[in-house]
Amino acid sequence: MKKQFIKIAFYGLSAIMLVFHTSCTKNYVNPTAATDQQVFSSPQGLTGVAIGLQRTYTASRASSLYNRVNINGLLTSEMIVLNQGNTGEYQLQLGGGSVDGTNTLAAGLWTSSNKIIYDANNVIAGAQNLSDKGYASGLIAYASIFKALAIGDLSMFWQKVPDGVGINVNFIDRIQGYNNAIAVIDNALTAINANAISAAFLANIPAGINIVNTLHALKARFSLFAGSYSQAMTEANAASLSIKSTFNFTTVNLNPIFETVTSTNNVTAAIDTTTLGLPAGLQPDPSDNRLKFYTTSVYNSKVLGFGAGTITPWPVYLPGEMILIKAEAYARQGTPDLTNALAQLNLVVTKTPASDPYGVGANLPALVGPYTQAQLLDQIYKNRCIELYMSGLKLEDMRRFGRPDSEKKRNLLPYPFQERDNNPNTPPDPTF
Amino acid sequence: MRKFQQMGQSKWKNIFFVLILQLCTLIGLAQVRISGKVTGPDGRGIVSISVSVHNTTYGAVTDADGMYAIQANLRPGSYTIDFSGVGFKSRSQSIQIGNATSYTSDVQLAIDALNMDEVILTGVSLGTTRKQLGSYISTVKADQLTKGATSNVLSALQGKTAGAQIIQNNGDPAGGFSVRLRGVNTILSSSEPLYIVDGVVVNNATNRVTNTQSSYDGSTFVGTVGQNRLADINPADIDHIEVLNGAAAAAIYGSRANAGVIQIFTKKGANGAPVVNFSTGIMVNHLRKKLKVNEAPTKFGGPTDGLTAFTQDLITIPPGSPGLLTNTTPVTRYDYQDYIFQTGLGTDNNVSVSGGTDKTKYYVSGSYFYNQGIVKNTDAQRYSFRANIDQTLNKWLSVNLGLNYINNSSNEKPDGNSFFSPMNSVTIIGNFHNIWQRDALGNLQAVGERGRVNPVSVIEDFKQREETNRVIANLGAKLKPMKGLTFDYTLGIDNYAQNGTTYMPPYAYNVNTAFFGGGVSLDPTQNGYASTGNDYFFQINHELNGTYQFNINHDIASITQLGYSAQYEKNRYSLLQGRGMAPFVQTVTGASTLLAPTDDRSEISVSGEYLQQNFKYKNQLFITGAVRRDGSSVFGENERNQVYYKVSGSYLISETKFWKDKVDWWNTFKIRAAYGQSGNLTGIGAYSRFNTYTSNSYLSRTALNSSSTLANTNVKPERQGELEIGTDMSFLKDRLSLTFNWYSKKVTDLLYSRTIAPTTGFSSLLDNLGSLQNKGFEILLTGSPVSKKDFQWDVTLIYNHNRNKVLDVGSALILLSTNAGAPVALLQGYPVGVFYGTFFAVDGNGNQVKNTSGIPQIEKGIQNSALSYTPQRDNNGLPTGTTLRKVIGDPNPKYTATLTNDISYKKFGLHVQLDAVQGVNVFNADFRTRQGVGNGLVAQQEDLGQIPRGYILGVYQIEQWRVDDGSFVKLREVSLSYDLGKFKFFKDLSVSFSGRNLFSWDNYKGYDPEVNSGGQSTILRGIDFGSVPIPRIFKLGIAAKF
């Protein structure tokens, strides 16, 4: 009997040992992801997050770029829906009360913009702690481009925009939003002026974006939107008209407009190849070369231009935009200078495709004045709509140029339900 | 030499000592043989009845003829022999052991209608009888699983157990099944029960080794589509299944049992000569219901194909046109269903050998199953081998081993959620294209102008295949060191490797890049797709239990149980994929563009211990209490270990002396109540509680992105508390019996990623945020209207009523955006997954508001809150304001029911099972698509001018239009069998003709309301978007015993 008990004890013990052998530890580390601490304590980690900003802004149908171009294009009749099974797009085409807080494109742009601001803040803060100041200024400048674009996108489509990120954030007027975006750019320019961006940093980010030119161009754009005309003019002059600055794509990460619009013939499309959605009187001259650049009648989506191919680069700004900013600034400044305004406008009107780095060129005869300020602004508006077709800027232009509501599907977007339901400071929706 | 002598001396001493000892024992004990035959009410022998000598460890199990034999060392005296087995009332018989060496004890057992004496093994090491249980546990026996012409264990379980809703989510040959025990018990994770096969926790995951395209998220957008791995279990190996519906019954499983437990026990060998069982069957599968298609001779607008093609003419206003086109073009209409569907054939073959001696028992089996799908070029195949061996080493130790190898493979087509699946490639095009037309080079032609995939490419050119190799092994030992004390230990291993491959050759015509085409230019970097996905899974679990049983006095007995369990699992998932395929190369290496690969690795461990105490008073009153503590690695360190309690009691009024003496028509009357708690071990992913940055290659650089979800790093498991009260009754000598269960379950600390304001930098917050409840009742009524020697008629009715309600999810409304367009919502006060969306405007009398053209309108006005709105009308009486939303459908049934009739007359047997699911909605996404593209019947009406032009365009955005009545009554199983009995050299031979899903009585506008395109998803239920309908199956089978 005693022997039996020894045996039992032995078997029992070995069984228990086997049991405990398997699972004592309960702390496992995820090998497929990096923690906040790891990411923000190294230049490589910070660079990765900064590149992540570009990815959020430009990759796929969920990107800010797709949403910005389509929301703007459908609300301003630049574009049209080919299949109303795409509910979010179709709501925008119907406009008015059909666009509500459930709209997937509006919610997508809202969410990715705030995500970009959140992570850009982390990168900019993390970069301050790096000892390599040339690398740090590159990080700050590169991240600031996306932060400024994100704040700018919110300001283009919503009456009031969040004042930063956080819990129950307050809202500020969208013009203040543009000024905040300008402040972000100024901070980046200050960092670059103190320490030039190192070559090492540039080697670590995707090719395509010319950082300094882009900062100036965006500052020019937002200054114009905010009504700071002399600042807009200064910055437009600082942005190169010959150096390209683009969001690039690969056969893995396709141009999102090509991917969802051009190649499918089934989501949205250019409205036509002749009017570009402009009302009578402002419609393009049939011989305007830009029509051929932006549209085609070979297939249903009719989209060419910067959505033409799988990897067609998307310009962050166009030289034509900078020239038209100057034209508009001359025309609108405290004492309007209509002569210089017309001169700048004619630079765009007469521009040949060959002389534009992207091949955008109307190649039309110069306009001959004299024009009143209002007539000239109409011509500037018309040329912005054609030169910057499907760039996502037209809704802001329509408001600035005082276009009637009948030409728009909506003036401003309602706030996404997800924000309204969870942030008590969300402002009331605009009626139109 | 001296040494040798010394050794020799001590050896001899030992032998002498042993001999003396043996002599001493022999004086008291005599080796006796007790044998006999156990028969049923019909006089036939019964197999698998346990026979044991009371208060000793001697015992045996009857063989196929009901014979048993026990070899035992017993002192002369009076003994009791206990007989017990599944389906029969236990009986004891006394026997007097004297000087003889051989004794006979025959017994006849009565049928146990309520299975009160059935031994329940789940959650206890020794087993307990149903009589003692305070909660409802149902048992399904082998013969109930094999009549329904299916070779999937979950399919076979449909309608067999109270409290379960088992849904076949699609009709693919390898299937995809969802099991809900007493409703949905969680939101974030799987609501499938825990599966245990012979003590091994088996994995039932749905792994995405095919349908690997990034659009298939496996989350709340598409759902969880594909085969679930319980498809690997061969029903022919199953002896019986025990189902524990909720925490009250399953509390002993602690953190793993939130969604209930299904425990499967496979067949074991019995004492006696080897028995060979052989069965074979052939199956025929076909489409049960074909949809009518548009037969209008014209379409609106221009041609169907070519450069100026114009499709979707019913809902598209061409750019520049003031309205819908009204000119028409004559067309030829086709019915593509005739092309994509086929009649599928199959075969199911099983052979097993079982037998054994007193000490060694074995069961070995082999099986081959092959079945073609009803969609062309799809099939499923399974090889399965199993060996179960039980060895008694000595009086106090026995060991057992079970080994199961499975090879499961299938030829598939892409899942319905894409427009390159067989069903949706047909649904998304008008039925006016000649899809079979080829050019001079033999190339297929584009279908319309929209870059759709030609169904012929899907059926003939796509290759999608998956294969799983799996081993499930269990090793166990049982020790009985002294009277009343038992230890048992089980080690279980579940290990599989699953591979899936996909090949979509480059298209010769314009296909949307989203469908892996090359667009208009046939871009060679984009055209075509290949992938190979691998999932490697390893799981090991240990269960160690000690049980001590003793009688406190003559009337009161005590059972104490102490247990420890541990589980570790490891998963490795990897995916290679690419597009832009080289001609003829079917592997990813032929891709010109390598798409982002996936490499996921995770580990989880869980362990816990419990103590359970049970008292019984006479055979009448049973009380059990238990406490369990569990820890899981997926939760926050401070909240990881949780304690769960359970208490239950049952009282058999019919066992009291008063009742036994006075009431003879009411044979059993038991009342019971149980309360238990449980948690969910895999409530979140292995690393979900960490806030991390994930990496992606972007433009040849590494991009890091933070998650859209912010996690509370100290998250804890959900906790469920269930109260169950029930009764079991039988009347008229057990001819009629009734079981009734009422339950109320509440899950607190509900895990959810609630939406938060995006201005926080995140879209959702993962935390213990809310609660949900399930309340309901189950009725199980069985009766035998006729019970004669040659004519037996048994009727079973199961009725399940469950009400699910979200009590709190952190915000009033969470509306999900889904791939199928279904507006699935979580709304406080409503069941999980209701449809919340836009609806038809109606007037005071409930009639649709129509405009002057006679087209119904979407309701508009002011949405005051999620559940309150004020409709508005403009001067013309038409809706105006913002679009309004309300709850427009519920995928949770009001009730489910099953009626089964089993009739045996002489050698004939008939089994008929009707399943009903009532008061349920299906979001029929395909219905709208069919009208929009013009192949449906509403489109035909518009084409023929029977409804106004613009009707479909007008109602297209009204989500209520897609909500369909999903109630059905189905003729689920019919089986007609003829048992030849002993025939020539067969011990038994029977033939059967059976059918499955033969008829459905429903008002559903699609193929079959029993469908879910969200697959095994917890939240996405009742969605019909391109799923293959469930086939009608006929099977002719022969079973023989040698």
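**A predicted two-chain model: sheets, helices and the A–B contact**

Strand β49 (residues 921–924) of chain B and β50(B) run antiparallel and are joined by three bridges; strands here are DSSP runs of E with at least two residues, helices are runs of H or I with at least four residues, and both are numbered from the N terminus. This is a predicted model, in which local features need pLDDT of at least 70, side-chain atom pairs count only at pLDDT 80 or more, and totals for chains, interfaces and linings use all residues. Residues are numbered from 1 along each chain as its sequence is written, while chains are lettered from A and ligands numbered from 1 in the order in which they are written.

Within the pairing of β49(B) and β50(B), F923(B) stands opposite V963(B). These strands belong to an open sheet of three strands in chain B, with the order β50-β49-β53 and mixed pairing; two strands pair if DSSP finds at least two bridges between them. The edges are held by β50 (963–965) and β53 (1023–1024) of chain B, each with a single partner strand, so one side of each is left without a neighbour in the sheet. Helix α9 (residues 925–933) of chain B lies across β49, β50 and β53 of chain B, running at about 35 degrees to β49(B). For such angles, axes are lines fitted to C-alpha atoms, for helices over the stretch in contact, and angles run from 0 to 180 degrees between N-to-C directions.

Chain B also holds an open sheet of four strands, in the order β3-β2-β5-β6 and with antiparallel pairing. Its edge strands, β3 (59–61) and β6 (88–97) of chain B, each pair on one side only, and the twist averages 15 degrees from one strand to the next. Inside this sheet, β2 (residues 50–53) and β5 (residues 77–85) of chain B pair in the antiparallel sense over four bridges, with I81(B) in β5(B) as the bridge partner of V53(B).

In chain A, a pair of helices offers another arrangement to look at. The axes of α14 (residues 319–332) and α15 (residues 338–349) of chain A come within 7 Å and cross at roughly 165 degrees. Angles over 145 degrees count as roughly antiparallel, under 35 as roughly parallel, 65 to 115 as roughly perpendicular and the rest as oblique; α14(A) and α15(A) are therefore roughly antiparallel to each other. The residues of their contact divide into 10 nonpolar, three polar and one charged. Here Ala, Val, Leu, Ile, Met, Phe, Trp, Tyr, Cys and Pro count as nonpolar, Asp, Glu, Lys and Arg as charged, and the others, Gly among them, as polar.

The two chains also meet each other. Their contact takes 77 residues from chain A and 78 residues from chain B, where two residues are in contact if their C-beta atoms, placed from the backbone, lie within 7 Å. On the side of chain A that touches chain B, α1(A) gives the most, with nine residues. By class, that side has 30 nonpolar, 37 polar and 10 charged residues. Pairing even crosses between the chains: β1(A) and β33 (residues 692–698) of chain B pair in the antiparallel sense over three bridges, and T694(B) in β33(B) is the bridge partner of A33(A).

As for confidence, the model scores ipTM 0.90 and pTM 0.85. The mean pLDDT of chain B is 88, and 95% of its residues reach 70 or more; pLDDT is the predictor's confidence in each residue, from 0 to 100. Over residues 1–8 of chain B the pLDDT is below 50, and this stretch has zero contacts in the model beyond near neighbours in sequence.
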